[in-house]
Amino acid sequence: MKLALFGGLYSNYLALEAAIADARSREVDEIVCLGDLGAFGPHPDRVFPLLRNHNIRCVQGNYDNSIGNQLDDCQCGYTDPRDNHFAQMSYEYTLKNTSDDNKVWLRDLPVEIRMVADGLKILLCHGSPRKTNEFLWESSTSNAFLDRLSAEYNADVIAGTHSGIRWARKLTDGRHFINVGVLGRPGNDGQTHVWSTIVRTGADADKDATVCRPSGPAVPVSIDFVPIRYNHHRLAKEMRAESLPAEFIETVLSGWWTTCLEILPSRERRAGRF
Amino acid sequence: MSQATSMYPSIELRSLDELWFQVAGTVCNLTCEHCFISCSPHNHSFEFLSFKDVETALQESVQHGVREYYFTGGEPFLNKSLRQMLKRTLEYGPATVLTNGTVLSRSWLNELYAAEQASRFSLEFRVSIDGPSPDINDPVRGAGTFEKAIQGVSLLCDAGFLPIVTMTQTWDDSDSLQILEDFRSVLKSHGCSRPRLKILPRLKIGAEENRTEGYQDTERITPEMMHDFDRNQLLCNHSRVVTNRGIFVCPILIESSDARMGETLGKSLQPFSMQHGACYTCYQYGTICSNTTLSPPERPTKS
């Protein structure tokens with residue numbers, strides 16, 4: 001089985017178009033979005049027709065829960081005043097510019113999607129299986145903790161997106177945890193592209209792929225992070241026209257995060273410029 | 001449960017996400033006037049942990065799915081096994097050291113930076129400095145401690161780390177934004193290009209109880225206050241601390257006998273009755289012991 005997984009759209013409909021085109025070119029069996037459709041970018045309603053027209057199932061992110069229920073803030077989980085300042089600006093813009101129909105659609109999304117791929121139990125969530133806005137960073141998450149989540153939530157592969165930087169780890173018995181990255185903004189790596197993830201299992205996996213050994217027969221699993229290039233200059237222009245913060249536009253054009261930095265562990269922070 | 005404790009809400013350990021090590025016991029080179037466990041060079045009520053103590057707990061922690069590890073005291077770097085402990089810990093998961101920054105050495109930090117680079121996990125440092133100037137810091141932490149600790153922060157930054165400076169708040173809330181701004185400037189001028197700051201509330205126990213005042217009887221969590229409260233905000237919901245006298249519920253309450261939960265992690269997982277004034281402060285401020293809350297959230301109070 002071949003899956004395309006992405007999340008954190010943050011209203012970047014241009015990157016979403018590119019990610020869908022990439023997934024179709026790879027002839028994936030299914031595309032799933034792991035939530036946070038709005039935030040950061042312009043014209044939040046533009047991602048919805050793309051998702052519906054391509055039958056893309058979506059997990060509800062914290063942003064989707066907030067917009068869907070018209071809450072006062074995005075529940076992003078930031079703790080620094082500057083980060084919250086910027087989060088609130090984009091939240092108010094997104095809330096105002098999301099149609100009522102789309103709000104209802106967001107409100108009714110599931111908090112997780114489970115599927116079986118070649119016998120492997122796959123759990124797709126937003127932050128972690130236990131909490132939608134839990135940050136799971138590569139450098140601050142032990143293997144023992146991820147093994148516990150796999151056992152408690154009865155999953156061979158867990159995928160999330162919330163923290164926004166892609167990473168994957170092989171766990172005990174060949175199980176996997178994956179952060180699929182986000183389409184909404186670059187990965188704080190000085191590159192302007194964004195990231196999607198392709199998961200291939202069984203006969204679709206590489207010959208030398210890691211073998212997952214759940215309770216049933218062994219199943220090979222391949223995980224590939226795929227750079228998604230899109231017209232980021234156009235996105236920046238549209239953000240400017242919508243009077244979105246200059247700091248956000250700088251991120252789109254430079255590939256470096258300029259906000260939401262205080263929540264990063266030191267290792268992820270040091271990998272960026274700011 | 002006795003009548004006395006039934007007045008207070010009980011909190012279950014949701015999961016053991018964080019494991020703390022009281023690695024220097026209550027022994028510290030400083031004698032801060034607001035220390036909630038009255039640490040000093042002469043307070044041996046808790047002693048150093050050995051490397052074997054830490055290794056045993058690390059091994060036991062795996063079955064509980066511990067996510068990250070914290071090292072505190074006292075001053076952790078007084079324990080000469082600390083570097084060895086941290087290197088071993090980084091094989092298991094991320095580690096954070098809470099230090100006063102006054103006894104650091106360049107060679108130790110270079111050694112630890114190399115260990116972090118060899119690991120997939122973060123090694124974080126939290127340095128206690130109680131304000132952006134000696135005028136604010138030194139009356140509480142001791143003469144000359146501001147300069148020494150700032151030098152420690154510079155050493156950490158030189159070695160490649162991004163330390164988090166934690167301040168115990170001894171000023172009015174309305175001054176906090178200015179203090180944060182001032183401290184960012186001070187840290188930048190000492191080689192910290194990306195300052196990370198966290199404000200902590202005063203805990204009115206230990207030495208602080210003598211410096212100012214203790215908790216009033218009304219400053220307690222009631223069962224009603226727990227309705228719709230996010231229990232994840234409380235450390236006792238997801239953590240335990242290893243000491244040389246057994247496992248305690250949190251690093252703040254180690255001098256309270258009821259906070260001793262058992263001899264091993266496996267025997268320390270039972271619920272805890274939150275009957276202390278310090279529990280009320282944790283309730284008000286939330287996640288005060290974790291790395292990620294950089295300034296106090298809006299505080300719920302009794303209404």
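**A colleague's note on the two-chain model**

1. A good place to start is a pair of residues in chain B: L19(B) stands opposite R240(B), the latter in strand 8 of chain B. Please keep in mind as you read that this is a predicted model. Strand 2 (residues 18-22) and strand 8 (residues 239-243) of chain B run parallel and are joined by four bridges. As general background, strands of a sheet pair through backbone hydrogen bonds, either parallel or antiparallel.

2. Now step back to the sheet in chain B. It is open, has nine strands with mixed pairing, and follows the order 7-6-5-4-3-2-8-9-10. At its edges are strand 7 (196-200) and strand 10 (260-262) of chain B, each of which pairs on one side only. On average, and with direction ignored, neighbouring strands of this sheet are turned by 30 degrees against each other. Helix 7 (residues 176-189) of chain B packs on the sheet, where it touches strand 6 (164-168) and strand 7 of chain B. The direction of this helix makes about 145 degrees with that of strand 7 of chain B.

3. Two loops of chain B deserve a look. In the loop between strand 3 (68-72) and helix 3 (82-89) of chain B you will find G74(B); the peptide bond leading to it from G73(B) is cis, with omega near 15 degrees. D228(B) belongs to the loop between helix 8 (207-211) and strand 8 of chain B. Its phi is positive, near 60 degrees, in a residue other than glycine. Is D228(B) buried or exposed? D228(B) counts as exposed, because it has 6 C-beta neighbours inside 10 Å.

4. Chain A offers a counterpart to look at in A39(A), which is not a glycine yet has a positive phi of about 105 degrees. A39(A) sits in the loop between strand 2 (30-33) and helix 2 of chain A. With 28 other C-beta atoms within 10 Å, A39(A) is buried.

5. N55(A) is another loop residue, placed between helix 2 (47-53) and strand 3 (57-58) of chain A. N55(A) has 8 other C-beta atoms within 10 Å and is therefore exposed. Its C-alpha atom is separated by 22 Å from that of K121(A), which is 66 residues apart from it along the chain.

6. Next, a helix pair in chain A. Helix 7 (residues 232-241) and helix 8 (residues 246-254) of chain A pack at an angle of about 175 degrees, and their axes are 9 Å apart. Helix 7 and helix 8 of chain A are therefore roughly antiparallel to each other. Helix 7 of chain A brings H232(A), L235(A), A236(A), M239(A) and R240(A) to the contact, while helix 8 of chain A brings F248(A), I249(A), V252(A) and L253(A). Of these residues, seven are nonpolar, one is polar and one is charged.

7. For the interior, look at the largest nonpolar core, which has 167 residues; L5(A) and L124(A) have the most contacts inside it. Beyond its neighbours within four places in sequence, L124(A) is in contact with residues including L5(A), V32(A), L34(A) and E112(A). In soluble globular proteins, nonpolar side chains tend to be buried together.

8. Finally, the two chains meet. Chain A gives 18 residues to the contact and chain B gives 22 residues. On the side of chain A that touches chain B, helix 6 (143-152) and helix 9 (266-271) of chain A each supply at least two residues. That side of chain A divides into five nonpolar, six polar and seven charged residues.

How values were computed. Residues numbered from 1 in each chain as written. Chains lettered and ligands numbered in written order. Predicted model: local features only at pLDDT ≥ 70, side-chain atom pairs only at ≥ 80, totals over all residues. Contact = placed C-beta atoms within 7 Å. Nonpolar A, V, L, I, M, F, W, Y, C, P; charged D, E, K, R; others polar. Pairing = 2+ DSSP bridges. Axes fitted to C-alpha atoms, helices over the stretch in contact; angles between N-to-C directions. Core = buried A, V, L, I, M, F, W, Y, C linked by C-beta atoms within 7 Å. Buried ≥ 20, exposed ≤ 12 C-beta atoms within 10 Å, placed from the backbone. Parallel < 35°, antiparallel > 145°, perpendicular 65-115°, else oblique.
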